[in-house]
Amino acid sequence: MTARSARQAAPAAQMWPLYAAGFTTAFGAHGIAANLGGLSDDAVTSLLVLGGLLALYDGAEVVLKPLFGTLADRIGARPVLLGGLVAFALASAAYAVADSPGWLWAARLGQGAAASAFSPSASALVARLNPAVGHGRAFGSYGFYKSIGYTLGPLLGGVLVWAGGLRLLFIVLAVLGVAVALWAALAVPHVPPLPRQRQTVLDLARRLADPSFLRPTAALAAATAALSVGVGFLPVSGAAAGLGTVATGAAVSVLAACAAVVQPRAGRALDDGRLTVRTGLTAGLLTAAAGLACATLPGLTGVLLAAVLIGTGTGLVTPLGFAALATSTPEERLGQTMGSAELGRELGDAGGPLLVAAVASTVTLTCGYAALALLLAAIGALLVRSSGD
């Protein structure tokens with residue numbers, strides 16, 4: 001038995017601030033994104049400007065997450081976590097104080113850069129503080145609270161914007177960032193960086209090309225693509241079927257709720273030996289693919305079935321994918337691996353809607369759903385044929 005597998009699970013008091021960090025990045029991303037379109041014309045002057053503001057957050061994450069993950073391995077994940085949360089609070093406070101369109105761009109970019117630091121660091125700490133046999137439960141719980149952030153972000157963000165404008169939402173995010181940083185500083189223990197062998201670019205490329213990294217990362221990217229398409233396009237399908245905004249909004253909430261509920265259960269099943277990584281990832285991708293296929297059905301039935309199945313499939317893949325990455329990665333490289341895996345998820349988050357939109361613009365939205373469903377089914381089939389878990 002290795003020291004890693006013999007380690008006891010971290011006390012709940014040490015894990016709660018990490019769950020709060022996951023909630024913060026999700027709430028900050030979706031809470032603002034869902035409410036930018038309602039700003040006055042002096043802030044969002046066109047759809048192009050809106051698209052740019054939406055892309056800033058994700059764009060910063062795509063570029064910076066692997067870099068901050070590597071930094072976490074070098075100096076320790078805890079200081080990068082704390083620094084990222086403080087930077088998130090400062091970026092949010094900058095717009096709350098200035099309240100001008102130019103500062104909105106700067107704040108959004110700063111928030112994305114800060115999330116790039118504390119998100120992979122939190123994932124690395126979840127892995128470092130728990131034994132390998134408990135990674136499923138740990139990442140299931142982490143994913144649950146992150147999904148809660150995605151679910152509540154648009155709703156609570158909308159209430160805050162209605163009550164006090166976008167400035168109030170940024171004030172709340174600044175306070176949230178400071179509160180979680182203080183909580184983590186008090187409760188999360190110091191986890192020293194481990195000695196590392198010198199790594200060349202070729203060594204990194206070989207490790208990232210290894211099937212133990214590629215399989216779960218590809219599954220995470222594909223599941224995130226399905227989730228992003230479900231959140232973005234199911235309301236379009238609902239509107240085309242004559243459904244109101246309440247019904248379509250409820251469908252998206254069902255999707256997020258299913259993902260949140262399934263993740264802890266999937267993690268426990270993995271730790272208890274009732275589910276393997278390969279089986280779970282394959283089942284999750286095929287379930288999400290079935291959900292996209294259901295999205296081609298007309299009316300409320302198709303939208304609700306799609307929401308339930310996409311959410312369930314995503315909830316299966318997410319904790320199992322991260323648990324597999326944590327188990328197969330040397331502890332001294334966990335930050336780098338989590339940052340690179342998060343990059344894969346961000347690419348799926350952007351690539352899924354782009355694929356569906358490209359197909360929909362040339363054929364129909366139904367064909368767009370079908371194209372992504374076939375892609376997920378193909379990745380699931382490859383996982384079935386792959387050897388090992």
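**A walk through an all-helix chain**

Let's start with how the chain folds back on itself: of the contacts in the protein chain between residues at least 6 apart in sequence, 85% join residues at least 24 apart. Keep in mind as you look around that this is a predicted model. The secondary structure amounts to 13 helices and zero strands, so if you read the chain from the N terminus, you meet α elements one after another. Out of the 389 residues in the protein chain, 51% are buried. The surface that the chain exposes comes to about 15800 Å², and carbon and sulfur atoms supply 70% of that area.

Now for the inside. The largest nonpolar core holds 95 residues, and the ones with the most contacts inside it are Leu-18, Leu-81, Leu-285, Leu-292 and Leu-376. Pick Leu-285 and look at what surrounds it. Setting aside residues up to four places away in sequence, Leu-285 touches Ala-219, Ala-222, Ala-223, Val-317, Leu-376, Ile-379, Gly-380 and Leu-383. One of those partners, Leu-376, is itself on the list of residues with the most contacts inside the core.

Next, two helix pairs. Helix H4 covers residues 77–98, and it packs against H6 at an angle of about 160°, with the two axes 8 Å apart. Angles over 145 degrees count as roughly antiparallel, which is why H4 is described as roughly antiparallel to H6. The contact draws on residues from both helices: on the H4 side they include Leu-81, Leu-85, Phe-88, Ala-89 and Tyr-95, and on the H6 side they include Phe-170, Ile-171, Ala-174, Gly-177 and Ala-181. Leu-81 is worth a second look, since it also belongs to the residues with the most contacts inside the largest nonpolar core. As for handedness, H4 passes H6 in a left-handed crossing.

The other pair is H5 and helix H12 (residues 334–362), whose axes are also 8 Å apart but meet at an angle of about 130°. H5 and H12 are therefore oblique to each other. Their crossing is right-handed. H5 brings Ser-119, Pro-120, Ser-123, Ala-124, Ala-127 and Arg-128 to this contact, while H12 brings Leu-334, Gly-335, Met-338, Gly-339 and Glu-342.

Follow H5 (101–128) onward and you come to the loop that leads to helix H6 (135–187), where Gly-134 is found. Is this loop residue buried or exposed? Buried is the answer, because its relative accessibility is 16% and the cut-off for buried is under 20%. Gly-134 also sits 8.7 Å from Gln-8, C-alpha to C-alpha, although the two are 126 residues apart in sequence.

Finally, take a look at helix H8 (residues 211–240), where Leu-220 lies. Leu-220 is buried, with a relative accessible area of 1%. Leaving out residues up to four places away in sequence, its contacts are Val-317, Thr-318, Gly-321, Phe-322, Leu-325 and Arg-345. Val-317 turns up here again, having already appeared among the residues that Leu-285 touches. The C-alpha atoms of Leu-220 and Pro-319 are separated by 9.3 Å, with their positions 99 residues apart along the chain. H8 also contains Ser-237. Ser-237 counts as buried too, at 14% relative accessibility. Not counting neighbours within four places in sequence, Ser-237 is in contact with Val-303, Leu-365 and Tyr-369.

Key:
Residues are numbered from 1 along each chain as its sequence is written. This is a predicted model: local features need pLDDT of at least 70, side-chain atom pairs count only at pLDDT 80 or more; totals for chains, interfaces and linings use all residues. Side-chain values use heavy atoms; hydrogens and water are left out. Helices (H or I, at least four residues) and strands (E, at least two) are DSSP runs, numbered from the N terminus. Buried means under 20% relative accessible area, exposed over 50%, partly exposed in between (1.4 Å probe, protein chains only). Contact means heavy atoms within 4.5 Å. Accessible areas come from the Shrake-Rupley method with a 1.4 Å probe; for residues, only the protein chains shown count as cover. A nonpolar core is a set of buried Ala, Val, Leu, Ile, Met, Phe, Trp, Tyr and Cys residues joined through side-chain atoms within 4.5 Å. Axes are lines fitted to C-alpha atoms, for helices over the stretch in contact, and angles run from 0 to 180 degrees between N-to-C directions. Angles under 35 degrees count as roughly parallel, over 145 as roughly antiparallel, 65 to 115 as roughly perpendicular and the rest as oblique. A crossing is left-handed if the near helix is turned anticlockwise from the far one by less than a right angle, and right-handed if clockwise.
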